[in-house]
Amino acid sequence: MKKLNIMKKLLFTLALLVSFNSFGQKEKIYGMWQSESIETSTEDGIGVKVIFGGAIQFMRGGRFNFEGNSLFIYKWNDEEIQNILGSTYDINLLITGTSRVEEGFLITTSEHINPTINDEAGIQFVSTSELDESEKARMNLYNSLIDELRNLKGSVEEKIITLTKDIMVTGNDNTVSTYTKVKN
């Protein structure tokens with residue numbers, strides 16, 4: 001019986017320490033951060049590197065706002081396709097949603113995603129009838145990427161690897177994200 005009481009106290013203390021640790025982490029993430037994450041993949045001989053970067057604000061009440069961009073860098077397996085489509089696609093992003101820290105994980109849930117083309121050539125302002133074939137192909141890929149980004153609503157769970165007052169590093173199976181606190 002005495003062992004059972006000791007075990008209960010030990011489990012209670014452990015649970016308390018875990019919840020204090022999560023609370024401390026939660027308090028540290030509030031504020032404005034510059035963020036960058038890089039994800040790479042290869043499929044059917046086509047390589048793509050996606051760099052997400054921008055400013056994210058974690059607010060009390062479990063909300064976040066993100067303003068930045070996603071840069072898609074393609075390495076096509078065909079030189080002709082590379083010449084027609086190009087290799088970089090830059091998309092501005094505004095994202096709002098919820099965030100929470102739970103058991104050493106940062107969990108963000110995107111609710112509203114507004115992607116727009118960040119194209120210095122101004123391709124999105126030109127009528128499709130005025131575009132040549134390569135510009136139409138490029139616009140189709142842009143539209144496909146924008147649709148894909150709009151449909152990314154949902155939760156992302158990343159383990160908090162490092163968290164200090166100025167730096168946070170999180171990660172999951174295929175992405176590492178680095179956050180640097182913005183000084184006010």
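Strand E1 gives the most to the lining of the largest pocket, with 7 residues. That makes E1 a good place to start in this predicted model. E1 spans residues 31–43.

Look at the pocket itself next. Its volume is about 1100 Å³. The lining holds 37 residues. Those nearest the pocket centre are Ser-37, Glu-39, Phe-52, Leu-149 and Leu-152. By class, the lining has 19 nonpolar, 12 polar and 6 charged residues.

Which elements each supply at least two residues of the lining? Strands E1, E2 (46–59), E3 (63–75), E4 (88–102) and E5 (105–117) do so. Helix H3 (133–150) does too, along with strands E6 (154–163) and E8 (176–181).

How is empty space of this kind found? A probe the size of a water molecule is rolled over the atoms, and this shows where empty space is left.

Now return to E1 and its partners. E1 pairs with E2 in the antiparallel sense, over 13 bridges. One bridge can be traced by eye: Gly-31 has Phe-58 in E2 as its partner. The two strands form a hairpin, with 2 residues between them. Asp-44 sits in that turn and has a positive phi of about 55°.

E1 also pairs with E8. These strands run antiparallel as well, and 6 bridges join them. Here Ile-38 stands opposite Val-176 of E8.

A general point helps when following any of these strands. In a regular strand, side chains alternate between the two faces of the sheet.

Notes
Residues numbered from 1 in each chain as written. Predicted model: local features only at pLDDT ≥ 70, side-chain atom pairs only at ≥ 80, totals over all residues. Heavy atoms only, no water. 1 Å grid on protein atoms, 1.4 Å probe; cavity = no way out; pocket = protein on both sides within 12 Å on 5 of 7 lines; lining within 4 Å. Points joined across faces, edges and corners; volume = space filled by probe spheres on them. Helix = DSSP H or I, 4+ residues; strand = E, 2+ residues; numbered from the N terminus. Nonpolar A, V, L, I, M, F, W, Y, C, P; charged D, E, K, R; others polar. Pairing = 2+ DSSP bridges.
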